[in-house]
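This report considers a sheet and its hairpin, and then one residue in a loop.

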Amino acid sequence: DDDEIQLYPLWYPAWGNFTYEGELINAIPARSSINYPVVWSPDGRTMAFSTDEGLWLWDALTIGYPPTLIVPTHSQVPFARYFSPHGRYLAVSEGEKRYNLDLVTRTELPDGYISPDDRKLLVFDTSATTPTTLEIAFLAPGIRKFEYYPEVKYLDVQWMDNERFIASIIGSSYLV
């Protein structure tokens, strides 16, 4: 809707189609048109969206709770790419800049992928189209980073579980 963001429940039966399932749950006035990605937290409670004013978080299931501006627009509109698996971190893009935002401390963390348990960060340029370096950061307590085979160039990295990741490498005989 052009005037407000509205939240309705939907139901997806096991082998059927999405169906409308009731009345309006919650709504907030639209500050300006939302022409940027909208992402939901893993628990389905918090919505991250961007307007020309900046990046907002909205606890959509609490009636009357207004959205909170967490990253104002400076030169480029910041927008959310995805939440971490447990929802503490939000991957943000702001022009060419990419980072992970700690939603508890509002600290900017480097670009990369958060582990499934939200405790480690594979630090690398997620927008890279050529081989890049990789570091690992332990997020709790505090950030501690170390390089992971700095002489190896990584093409793609993905978490397999809380402790293991898989990577495509180039130009090295190391087994990762």
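## The hairpin

In this predicted model, β9 and β10 form a hairpin that leaves five residues between the two strands, and in the turn G87 has a positive phi of about 85 degrees. Strand β9 covers residues 79-83 and strand β10 covers residues 89-94, and the two pair in the antiparallel sense over four bridges.

Two positions illustrate how the strands are set against each other: F79 of the model stands opposite S93 in β10, while F83 stands opposite L90 in β10. In a regular strand, as a general point, side chains alternate between the two faces of the sheet.

## The sheet

The hairpin strands belong to an open sheet of four strands, which has the order β9-β10-β11-β12 and antiparallel pairing. The edge strands are β9 and β12, the latter spanning 108-109, and each of these pairs on one side only.

## S41 in its loop

S41 lies in the loop that runs between β5, residues 39-40, and β6, residues 46-51. With a relative accessible area of 8%, S41 counts as buried, because the limit for that class is under 20%.

The side chain of S41 makes a polar contact, at 2.5 Å, with the side chain of D43. When its neighbours within four places in sequence are left aside, S41 is in contact with T46 and F83. Of these partners, F83 is the residue already described as standing opposite L90 in β10, so that the contact list of S41 leads back to the hairpin described above.

Notes. Residues numbered from 1 in each chain as written. Predicted model: local features only at pLDDT ≥ 70, side-chain atom pairs only at ≥ 80, totals over all residues. Heavy atoms only, no water. Pairing = 2+ DSSP bridges. Buried < 20%, exposed > 50% of the residue type's maximum accessible area, 1.4 Å probe, protein only. Polar contact = N/O pair within 3.5 Å; in protein donor to acceptor, adjacent residues only side chain to side chain. Contact = heavy atoms within 4.5 Å.
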